[in-house]
Protein chains: 2
Amino acid sequence: MVRIDWKEKKNLTMLTDFYELTMSNGYFEHGLKDTIAYFDMFFRKVPDGGGFAIMAGVEQLIEYLKNLRFTPEDIEYLRSKKMFSEEFLKYLENFKFECDVWAIPEGTPIFPNEPIVTVVGPVIQAQFVETMVLLTINHQSLIATKANRIVRAAQGRPVMEFGSRRAQSYDGAVLGARAAYIGGCVGTACTIAERDFGVPAVGTMAHSWVQMFPSEVEAFRAYARTYPDKCVLLVDTYNVLKSGVPNAIKVFKEEIVPRGYRPQGIRIDSGDIAYLSKKARQMLDEAGFKDCKIIASSSLDEYIIRDLLQQGAAVDAFGVGEKLITSSSDPVFGGVYKLVAVQQNGRIIPKIKISENVEKITNPGFKQVYRLYDRETGKAIADVITLHDEVIDDTQPYEIFDPIHTWKRKTVTNFFARKLLVKIFDKGKCIYKSPDIHSIRKYCQEQVNTLWPEVLRFENPHNYYVDLSKPLWNLKQELLNKYGNI
Amino acid sequence: MVRIDWKEKKNLTMLTDFYELTMSNGYFEHGLKDTIAYFDMFFRKVPDGGGFAIMAGVEQLIEYLKNLRFTPEDIEYLRSKKMFSEEFLKYLENFKFECDVWAIPEGTPIFPNEPIVTVVGPVIQAQFVETMVLLTINHQSLIATKANRIVRAAQGRPVMEFGSRRAQSYDGAVLGARAAYIGGCVGTACTIAERDFGVPAVGTMAHSWVQMFPSEVEAFRAYARTYPDKCVLLVDTYNVLKSGVPNAIKVFKEEIVPRGYRPQGIRIDSGDIAYLSKKARQMLDEAGFKDCKIIASSSLDEYIIRDLLQQGAAVDAFGVGEKLITSSSDPVFGGVYKLVAVQQNGRIIPKIKISENVEKITNPGFKQVYRLYDRETGKAIADVITLHDEVIDDTQPYEIFDPIHTWKRKTVTNFFARKLLVKIFDKGKCIYKSPDIHSIRKYCQEQVNTLWPEVLRFENPHNYYVDLSKPLWNLKQELLNKYGNI
């Protein structure tokens with residue numbers, strides 16, 4: 001049994017924006033603490049201009065919510081700020097999470113403006129968790145989304161996550177490796193991500209290994225003797241074609257084959273990968289090592305991998321570092337958390353946030369998201385955001401329409417509808433079990449395959465439909481007419 | 001007493017690239033485990049094209065090194081990989097860190113190509129810590145450097161770090177807030193960063209507070225009554241000039257002044273900050289609230305802040321979120337960790353990594369870094385990388401020269417020389433106490449002030465001199481002549 005350690009996360013209750021506390025104290029003082037509020041997390045823009053994102057981080061969000069509690073030290077710290085009433089601190093001391101929470105399962109393709117997490121409960125609680133809901137889902141969805149782009153660029157060739165040393169701190173490395181695996185990577189260099197999350201860990205040697213021996217061939221020989229069945233040699237310490245590959249071939253012949261094994265691969269970590277890989281392939285083939293893989297790992301991302309393959313690079317697998325683990329070309333997943341309704345006298349009063357920037361106007365009310373799939377092709381047709389209790393009857397034709405250009409209409413037939421938001425907490429109790437990470441990864445691949453190729457494009461993808469149901473659209477119009485001119 | 005919790009970091013020993021372990025096992029098998037190796041961490045490029053970076057993360061590096069040990073569960077996990085010898089696993093079970101470590105203190109301006117961390121010890125150990133040395137220093141130096149740019153753009157106006165929700169996971173938020181404070185921010189929204197690191201936490205209200213009440217004025221009134229002495233109101237939920245500022249003024253007059261307080265500020269979180277702030281300033285002034293601060297917080301970074309101030313924006317303080325906490329315009333600090341020497345028979349054998357890319361050629365040998373300051377102006381003149389035991393006698397004139405264009409020479413007089421690399425571990429024992437965070441922040445400001453304005457420019461800064469001493473330059477030439485043509 002492998003000990004699960006990174007999962008035994010410390011209590012992150014105090015990892016919260018300070019204003020969540022000042023507001024909570026204010027709600028408490030103004031008699032609003034038991035008012036039921038509805039908050040949605042959603043995002044407005046897919047990173048890198050992509051057509052969709054990948055949901056990730058739900059498992060860690062669950063752990064956080066399960067462990068929500070204020071320690072005596074937290075209370076003492078808060079008291080020292082001299083901003084909070086003793087009654088409020090007492091309330092925090094006895095804090096017990098009581099909200100209902102819905103989330104879209106990890107690995108699901110998600111789209112702008114649809115709720116991906118909904119929290120319903122006493123306003124103090126539902127407000128308080130904002131920072132961690134966003135932090136958790138934003139980070140892992142960012143990395144899962146980037147990983148999925150890179151994996152798709154590699155067209156079936158394995159992609160390994162190699163970025164720990166350039167990650168934005170420890171959780172960035174470890175949970176980033178987890179998210180990258182969900183997005184489709186086959187493994188990681190991050191050892192602890194295997195021990196704690198089951199992400200396969202891989203690794204062979206650095207240039208320093210080669211430098212530690214009197215010569216490259218002696219370094220290779222030593223490695224081959226230690227790992228005859230798993231021999232991958234790093235061939236670019238001195239000169240790939242003049243030294244690295246010839247020495248590797250020599251050692252494969254002298255140390256690997258006689259022991260009854262086959263060489264596993266060579267790795268090129270610098271230089272002109274397209275050119276070097278083709279030449280190295282030729283040399284390996286001529287030496288009788290057609291089965292020896294070539295692995296490339298040099299500042300790669302989806303664009304460089306696409307270019308390499310277009311140039312016919314003879315690369316069998318990719319190691320991707322900093323550009324994956326930080327999503328460096330677009331390192332922010334901009335999820336937001338907005339109040340969408342409040343209960344009054346047992347009725348749900350929808351709330352809307354008006355903005356001069358029309359893209360920033362929110363979808364009001366307590367909602368659900370349906371994904372409609374074509375029964376014939378299995379492809380996803382559209383997402384429809386509905387009121388929470390609305391039912392889309394997929395035995396009948398269903399009309400969808402563009403929420404802005406409402407004359408754009410389409411009647412969908414022969415489809416099935418799937419609710420995306422799954423209830424994960426009921427009155428503070430977790431009622432959902434995260435699938436194991438391999439199942440999440442598999443589910444992600446399957447769901448990405450339900451998207452049309454036009455949605456999968458890296459640049460200028462087709463805008464997948466995210467429509468509003470007629471009742472939700474009507475509700476929004478009503479509120480816009482009522483409050484739009486303030 | 002506030003409990004220190006984030007500092008009680010879990011054991012991060014297994015947060016390591018898997019190849020550190022395969023190499024270690026190999027060194028062990030080939031009788032190299034006690035060979036003393038010298039590794040340098042350095043970086044090649046300042047993020048955002050800046051003139052210098054800020055060193056940060058040493059305190060966390062120390063904690064990591066102090067806690068290095070393999071648990072029985074770690075050993076069990078490694079055994080399950082079926083790649084490591086039992087003797088090696090035994091060695092890990094009894095692992096005790098024995099290296100000497102030098103680091104440049106946190107808050108120091110640092111420059112490309114100079115060693116900022118040096119680790120000397122048994123090769124298995126000195127190699128093994130690579131991932132965490134890089135991960136720790138890369139992340140915090142990235143954020144401290146970015147924060148310092150943003151703080152300088154604000155020209156003395158306070159900058160607060162507001163980015164937790166968009167950080168790259170939990171440590172990214174918390175240690176990012178720490179690094180941002182070192183770089184010059186005055187506070188953070190991240191509560192736990194105050195509880196655990198003493199970074200002042202600040203915060204008031206979100207738009208949801210305003211939405212929770214029947215009207216904006218009622219929301220402001222409620223807040224003012226709860227926090228009459230700390231009243232900062234968010235004025236952009238509906239319309240800054242038509243609603244937010246007039247309502248704020250009304251509430252300041254009705255609720256704050258009669259209680260004997262002064263309003264602290266208003267915050268604008270969207271829209272045309274330059275225009276809105278000037279108009280709001282006028283309205284506040286006319287209402288008799290010249291002392292009421294205007295705080296802006298809307299996708300800011302150093303460039304936008306500079307533009308705002310050039311346009312005469314009436315902003316007194318800035319809240320900076322995602323662009324700071326991820327350093328989004330350049331989210332990777334590219335520190336590397338290279339073998340620079342090996343001991344053989346008690347002698348230090350320098351190692352060099354040759355590359356076709358001349359910028360990637362390393363500086364060989366066991367080294368020290370001196371910073372030369374002008375005694376008259378106090379300004380930093382140049383850094384000189386020397387052999388470790390070399391002494392720069394600052395009572396005598398000292399000739400520095402460009403290591404590439406060696407005819408560019410300058411004799412420095414009336415200067416004092418300061419060693420930058422400080423020994424923090426002696427044979428595995430920590431011999432250094434991190435200064436408190438406020439002292440680090442103050443030292444950082446003082447040291448940044450020793451740089452000429454030309455080095456401080458955001459774009460095309462003057463290249464600060466990082467030269468090699470004559471003995472080090474000679475050593476490097478010798479090795480280049482010997483190995484450069486392989």
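## A walk along the A/B interface

Start with both chains of this predicted model on screen and superpose B on A: a rotation of 180° does the job, with 0.0 Å of shift along its axis and an RMSD of 0.0 Å. That is how a two-fold axis relates two copies.

Next, select every residue of one chain that touches the other. You should pick up 107 residues from chain B and 107 residues from chain A. Now compare the two selections: 100% of the interface residues of chain B are interface residues in chain A as well, so the copies meet through the same surface.

Switch to a surface view. Chains A and B bury about 9,200 Å² between them, and carbon and sulfur atoms account for 58% of that. To see some of the big contributors, pick Arg165(B), Gln168(B) and Tyr170(B): together they supply 10% of the area that chain B buries against chain A, more than any other three residues.

Time for sticks. Ten salt bridges cross the interface of chain B and chain A. For one to zoom in on, select Asp74(A) and Arg195(B), whose side chains pair up with an N to O distance of 2.3 Å. Polar contacts also span the interface of the two chains, joining 53 residue pairs, both partners at pLDDT 80 or more.

Go back to cartoon and highlight helix α1 of chain B, residues 18-29. Helix α1 gives the most to the side of chain B that touches chain A, namely ten residues.

Last stop: color that side of chain B by residue class. You'll find 50 nonpolar, 30 polar and 27 charged residues there.

Technical notes: Residues numbered from 1 in each chain as written. Chains lettered and ligands numbered in written order. Predicted model: local features only at pLDDT ≥ 70, side-chain atom pairs only at ≥ 80, totals over all residues. Heavy atoms only, no water. Least-squares fit on C-alpha atoms with pLDDT ≥ 70 in both. Contact = heavy atoms within 4.5 Å. Buried area = accessible area lost by both parts, 1.4 Å probe. Salt bridge = Lys/Arg side-chain N within 4 Å of Asp/Glu carboxyl O. Polar contact = N/O pair within 3.5 Å; in protein donor to acceptor, adjacent residues only side chain to side chain. Helix = DSSP H or I, 4+ residues; strand = E, 2+ residues; numbered from the N terminus. Nonpolar A, V, L, I, M, F, W, Y, C, P; charged D, E, K, R; others polar.
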